[in-house]
Structures are given as structure tokens and as C-alpha cells.
Amino acid sequence: MGDPKFSRQKYERPHHPWEGERIKAENELLKKYGLKNKKELWRAQSVLRRFRQRARKLQAMVRYGDKQAGKEKDELIARLGRLGLLPAEGASLDDVLALDVEAVLSRRLQTLAFVKGLAFTPHQARQFIVHGHVAIGSRRVTVPGYLVTRTEEGGIIYDPRSAISHDMHPARPGAPPQEPVAEGGADAAPPGPPGPGGGAP
């Protein structure tokens, strides 16, 4: 069981760490989705692996006419539908087995915040989330890897308590560009009238 004070590892490392094609594919996914490191990718792969393993077991049990397996199959498909990994209606266990890791990565809060236009890049979306500038409804979420459900997807906004929630904030996509500051700084005094004995040339 392990000591409850210490969290368990939530991902599995590759069995063969030095595989050129796999490393190239992982690096492309890291760049595309703005992941911090490969642990985040391995965590998404582990989530997908658990869903697929469960689907394979249920598929075999349903084939033998297990009534309880039929209920668990419907619950699994409904859960994945709520997560947005499957269509809301008409999905089957074959659709679960056909999922790939990008289906999980596309449901991360970091990805959806970028897709909704809250940031210029996935990396900036991650920065906004970690710094507490993004909320789902009225709840601030600071975990970039949080899997967003269908009902929560429409509520991804800037946190009202954040300075970035202001429409004119320069870090926001679509904000008007800042006006250039005149030479001498913003505090420079405007030129006054010429003094006695002086004048314009």
C-alpha cells in the first residue's frame, strides 16, 4: 500500500530509454503541446493506458454475457464522454481502444486555454495557469495538466482577480499595442517659454 504521506508515481517510464524514433515523436509532442518535460507526456500515456486496459477487460467480459461488465462498460464510456475523449453518444469500447495520447493531451487545461485564445503560445498558456491567471468558472486552477470536462470547457476564462483579466492588459492576445514613450521618459517636463534674454533661434 505504501505510506499515505507519500504520493505514488503516476506514470511509467519507457522500458527502452534509447529509441530514436520514439524520442523524436516525444519531442514533437512536447513542442506541439508546450509540455514542461517528458514526465507530463508519460503521465498522459499512463492515463490512456489505464482506460485501454479497462476497455479490453470489459470487452472480454461482455462477450461472455457478464451483466455487471455491461454496466461498467456504459459507465466507462459515459465517463470518457464527459471528459471529451469520446462523443457524447454512440461510442463503443472499440472507440476507447482507438484513442491515442493526443486525445488526452488535447483535453489538458493548458491546451484548451491556448485554443480558446487566452495566450499567444502553449508555453504562455502554461505560465498564465501556473501563476494563477486562469480560472474555470469561479475556481482558479493552477495545474496545467488538469483534464477539462465538457461542461467545464466553456467556463475557461481569465481569473477576475488577475490583472490580466483587464481588456487592455498588454499580455493578452488582441490587446492594443502600447504607445511608444517619448524620449526623456514619461516624467519629463514639457518645454516651457524662453526665459529673459533668450528666445527661439
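Let me start with the sheet: in this predicted model, three strands form an open sheet in the order β2-β1-β3, with antiparallel pairing. The edges are taken by β2, residues 139-140, and by β3; each has a single partner strand, so one side of each is left without a neighbour in the sheet. As a general reminder, strands of a sheet pair through backbone hydrogen bonds, either parallel or antiparallel.

Now the pairing of β1 with β2. Strand β1 covers residues 134-136, and its antiparallel pairing with β2 runs over two bridges. Within this part of the sheet, I136 stands opposite R139 in β2.

On to β3, residues 156-158, and the loop between α8 and that strand, where G154 lies. Helix α8 itself spans residues 150-153. Is G154 buried or exposed? Its relative accessible area is 64%, and the cut-off for exposed is over 50%, so G154 is exposed. G154 can also be placed relative to K116: the two are 38 residues apart in sequence, and their C-alpha atoms are 9.3 Å apart in space.

Last, the largest pocket. Its volume is about 260 Å³. Which helix gives the most to the lining of this pocket? That is α2, residues 38-63, with four residues. The full lining consists of E40, R43, A44, V47, V104, R108, V143, G145, Y146 and L147. Sorted by class, six lining residues are nonpolar, three are charged and one is polar.

That covers the sheet, the loop and the pocket.

Methods
Residues are numbered from 1 along each chain as its sequence is written. This is a predicted model: local features need pLDDT of at least 70, side-chain atom pairs count only at pLDDT 80 or more; totals for chains, interfaces and linings use all residues. Side-chain values use heavy atoms; hydrogens and water are left out. Buried means under 20% relative accessible area, exposed over 50%, partly exposed in between (1.4 Å probe, protein chains only). On a 1 Å grid over the protein atoms alone, a cavity is a set of points where a 1.4 Å probe fits but cannot get out, and a pocket is an open set with protein on both sides within 12 Å along at least five of seven lines; lining residues have an atom within 4 Å of a point. Grid points are joined across faces, edges and corners, and a volume is the space filled by probe spheres set on the points. Ala, Val, Leu, Ile, Met, Phe, Trp, Tyr, Cys and Pro count as nonpolar, Asp, Glu, Lys and Arg as charged, and the others, Gly among them, as polar. Two strands pair if DSSP finds at least two bridges between them.
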